[in-house]
Amino acid sequence: MVLYKLEDFEPNYRDAFEGQDIKGLGVYTQGSDEKIGSVTDVLVDEEGHFRYLVVDLGFWIFGKKVLLPIGRARIDYNVDRVYTIGLTREQAENLPEFNERQTLDYDYEERVRGVYRQPTDYTPPVEASTPVDSLAPLPTPATPTPTPTYARDDYTYEREPSLFGLNEQENQTLKLYEERLIASKRREKTGEVSIGKRVETDTARIAVPIERERVVIERVTPADAGTAVSGREADFREGEVARIEIHEETADVRKEAFLREEVRVKKVVDQETVETQETVRREELDVNSGNLPIEER
């Protein structure tokens, strides 16, 4: 059986006690109201059940810490005290010292339980509804009850309710807690979009119709060819006879800028539902009544 410190097992254990802390409570004997020490820690089993209170016996035995089974303690938050049930000074001296660096194995626990099992010092658990002032050590039975024997392989804490059974009030309210998922959102930057312009070049082609003049010389035979003419009409001369100007068009290309399109940049918000899962815990009521009739409403 493995035992854990309460805070190691459940770091937020104070929430279950509405902010109250069992550690630091003063430890007093029943009846005599004598302070014997204080609670320095709590040991729980693998299921989170309280099994031992670690008590510093500074008022009885300086510098000694011992284990007090939870069934031999009564916690009273109204006065911030823990009352021991049937613990004597002799038992405290016989208890093995608790060392946090020491492994809590079965043999060590048996040494602790063996002290509390002593028939001459055993006091049965009392109901917590009984006033503290009326708590007094019970007389030693005339005929000691034989101490049961236990084995390492089959031992369970439930077999010794006198040591590990909680002494609670007859009418009590148990708060069962359950975890639930609370969804929240946080805004975080996932990136950025940078929008700019760049200039690209391309070769554009344009067709421009142009005109080019040329001279066409036609030599034809007139209809009256071979007819004699007068000397005045026959004008023989040399040199330039006619002048014709020749023109040609060339393409004159220039560039002009024009508005091609507008680019509008804006942000839009898309909504979607994402699902996530997490393990949540829930406390259920576990009633162990033995053969006693229990009515649940």
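**Nonpolar core, second largest pocket and salt bridges**

The largest nonpolar core (buried Ala, Val, Leu, Ile, Met, Phe, Trp, Tyr and Cys residues joined through side-chain atoms within 4.5 Å) has 40 residues, of which L43, Y52, L53, L57 and L67 touch the most other members. Two or more residues are given to this core by each of β3 (35-44), β4 (50-56), β5 (65-69), α4 (106-116) and α5 (161-164); helices (H or I, at least four residues) and strands (E, at least two) are DSSP runs numbered from the N terminus. Buried denotes under 20% relative accessible area, exposed over 50%, and partly exposed in between (1.4 Å probe, protein chains only). The model is predicted, with local features requiring pLDDT of at least 70 and side-chain atom pairs pLDDT 80 or more, whereas totals for chains, interfaces and linings use all residues. Residues are numbered from 1 along each chain as its sequence is written, and side-chain values use heavy atoms, with hydrogens and water left out.

Beyond its neighbours within four places in sequence, L53 is in contact (heavy atoms within 4.5 Å) with I22, V39, D41, V42, V66, L67, L68, I70, A73 and V82.

Salt bridges (a side-chain nitrogen of Lys or Arg within 4 Å of a carboxyl oxygen of Asp or Glu) number 25. E93 and R89 form one of these at 3.7 Å between the closest N and O atoms; both residues lie in helix α3 (residues 89-94), four residues apart. E93 is partly exposed at 49% relative accessibility, and R89 is partly exposed at 39%. E200 pairs with R198 at 2.8 Å, and both residues are exposed. A network of salt bridges links E109, E110, R113, R117 and E160.
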